[in-house]
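Colleague: Thanks for making time to go through this fold with me. Could you pull up the chain so that we can talk it over?

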Amino acid sequence: MGVVSLAALSPLNFRTHCSSNTNNSISTTIRPAVILPGLGNNTADYQKLEATLNGFGVQTVVAKVSRFDWFRNAAGLLDSNYWRGTLQPRPVLDWYLKRVDEAVLEAKELAQGGTLSLIGHSAGGWLARVYMQEFGLSDISLLLTLGTPHLPPPKGVSGVIDQTRGLLYYVDEHCAKAVYTPHLKYVCIAGRYIEGARIVDSAKTEVSSVVPIGNAQPAVKTLLVNDTGNGTTTGTNFRARFIGQGYKQVCGQADVWGDGVVPEVSAHLDGALNISFEGVYHSPVGSDDELRPWYGSPAVVEQWIEHLLN
């Protein structure tokens with residue numbers, strides 16, 4: 001199909017890049033969905049998203065996670081792999097995978113023999129990939145990720161420390177690669193809420209190019225960086241520099257666009273249907289549906305709900 005660009009479908013600007021094997025048929029029965037919370041989030045953070053999906057006819061189950069549960073990850077400190085940067089998801093994250101499995105079993109009862117959609121927010125997206133690798137994916141026909149840092153940080157970049165202590169390297173090496181087929185679809189959504197900036201500015205221009213992803217998945221690779229020659233662009237303020245340092249820890253570069261936490265480039269996967277939304281913030285915590293919408297805000301959900309209905 002080539003590169004498809006859609007704009008101004010709502011108050012948000014929407015760009016999508018899709019492959020020739022997109023299936024536009026509408027199922028007579030809508031798949032139930034399981035929401036996987038992101039790092040530090042709890043089940044209650046997704047109540048509004050759950051209600052929004054229910055309004056579209058998507059029966060939804062949210063994996064039961066509390067903020068306190070995330071302290072269980074501290075067990076990794078006792079694993080020598082943590083200090084070597086070679087930590088693996090199991091057994092450190094067995095507690096989370098169990099919660100996901102419980103939610104999947106509940107959703108399977110709603111599916112009545114059909115398949116499910118997994119919606120992973122932030123770390124929940126790559127944890128969904130671990131779950132699919134460990135527990136199987138015969139009941140799953142869609143993985144939709146929202147602001148997930150899929151890619152491990154580059155090695156050898158000065159000042160960059162792998163905050164997952166090897167977990168994302170494990171996922172990248174051992175979990176199945178993304179696909180977009182009639183039977184299983186990966187849809188990776190990124191937000192472009194704020195552009196980061198380097199601590200030390202350098203004048204650059206904007207470069208855009210079309211490049212292939214995988215064997216058949218075309219995409220637009222856009223490098224948007226600040227022209228800071230006049231010192232007046234948004235990248236020169238403290239907030240952009242602070243955000244940029246966070247981006248750098250994830251992708252190795254500060255002067256890139258992202259959702260305020262995860263860089264756009266890290267939230268996309270080769271082989272997946274990759275989508276970017278302008279003005280979308282990372283987390284339900286601190287979001288505002290009007291002033292600072294996040295991936296689960298109703299106006300944003302309207303732009304990606306089609307993938308749950310097909």
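What follows is a set of questions about this chain, each with a reasoned answer.

Colleague: Before we start, what kind of model is this, and how many helices and strands does the chain have?

Modeller: Happy to begin there: this is a predicted model. On the secondary structure, the chain has eight helices and 11 strands.

Colleague: What share of the residues counts as buried?

Modeller: The cut-off here is a relative accessible area under 20%. The chain has 310 residues, and the share of them that counts as buried is 51%.

Colleague: And among contacts between residues at least 6 apart in sequence, what percentage joins residues at least 24 apart?

Modeller: Here we look at contacts in the chain between residues at least 6 apart in sequence. Of these, the portion that joins residues at least 24 apart is 72%.

Colleague: Let's turn to helix packing. How are H4 and H5 oriented to each other?

Modeller: Helix H4 covers residues 123–135 and helix H5 covers residues 167–174, and their axes lie 10 Å apart. The packing angle is about 50°. H4 passes H5 in a left-handed crossing. With that angle, H4 and H5 are therefore oblique to each other.

Colleague: Which residues make that contact of H4 with H5, and how do they divide by class?

Modeller: From H4 come Trp126, Arg129, Val130, Gln133 and Glu134. H5 brings Leu167, Leu168, Tyr170, Val171 and His174. By class, the residues of the contact of H4 with H5 are two charged, two polar and six nonpolar.

Colleague: Which residues of H5 are buried, and which helix is included in what covers them?

Modeller: The buried residues in H5 are Leu167, Leu168, Tyr169, Tyr170 and Val171. Among them, Leu167, Leu168, Tyr170 and Val171 also take part in the contact with H4. What covers the buried residues of H5 accordingly includes H4.

Colleague: How does H3 sit against H4: what is the orientation?

Modeller: Helix H3 spans residues 94–111, and its axis comes within 10 Å of the axis of H4. The two axes cross at roughly 75°. Angles of 65 to 115 degrees count as roughly perpendicular. That makes the orientation of H3 to H4 roughly perpendicular.

Colleague: Which residues make the contact of H3 with H4, and what classes do they fall into?

Modeller: On the H3 side they are Tyr96, Leu97, Val100, Asp101 and Val104. On the H4 side they are Gly124, Leu127, Val130, Tyr131 and Phe135. By class, the contact of H3 with H4 has one charged, one polar and eight nonpolar residues.

Colleague: Staying with H4, is Gly125 buried or exposed, and which residues does it touch?

Modeller: Gly125 lies in helix H4 and is buried, with a relative accessible area of 0%. Its C-alpha atom is 7.6 Å from that of Leu144, which is 19 residues away along the chain. Not counting residues up to four places away in sequence, Gly125 touches Gly120, Leu143, Thr145, Thr148 and His150.

Colleague: What about Glu50: which residues is it in contact with?

Modeller: Glu50 is found in helix H1, residues 47–55. At 24% relative accessibility, Glu50 counts as partly exposed. Leaving aside neighbours within four places in sequence, the residues in contact with Glu50 are Ile35, Thr60 and Val62.

Colleague: Gln112 and Ser122 caught my eye for their phi values. Where are they, and is each buried or exposed?

Modeller: Most residues other than glycine have a negative phi. Gln112 has a positive phi near 55°, and Ser122 has a positive phi of about 55°. Gln112 is in the loop between H3 and strand S4 and is exposed, with a relative accessible area of 73%. Ser122 lies in the loop between S4 and H4 and, at a relative accessible area of 9%, is buried.

Colleague: Last one: how many disulfides are there?

Modeller: Cys188 is buried at 1% relative accessible area, and Cys251 is buried at 17%. A disulfide needs a pair of cysteine sulfur atoms within 2.5 Å. By this rule the number of disulfides is zero.

Definitions and conventions:
Residues are numbered from 1 along each chain as its sequence is written. This is a predicted model: local features need pLDDT of at least 70, side-chain atom pairs count only at pLDDT 80 or more; totals for chains, interfaces and linings use all residues. Side-chain values use heavy atoms; hydrogens and water are left out. Buried means under 20% relative accessible area, exposed over 50%, partly exposed in between (1.4 Å probe, protein chains only). Axes are lines fitted to C-alpha atoms, for helices over the stretch in contact, and angles run from 0 to 180 degrees between N-to-C directions. Helices (H or I, at least four residues) and strands (E, at least two) are DSSP runs, numbered from the N terminus. Angles under 35 degrees count as roughly parallel, over 145 as roughly antiparallel, 65 to 115 as roughly perpendicular and the rest as oblique. A crossing is left-handed if the near helix is turned anticlockwise from the far one by less than a right angle, and right-handed if clockwise. Contact means heavy atoms within 4.5 Å. Ala, Val, Leu, Ile, Met, Phe, Trp, Tyr, Cys and Pro count as nonpolar, Asp, Glu, Lys and Arg as charged, and the others, Gly among them, as polar.
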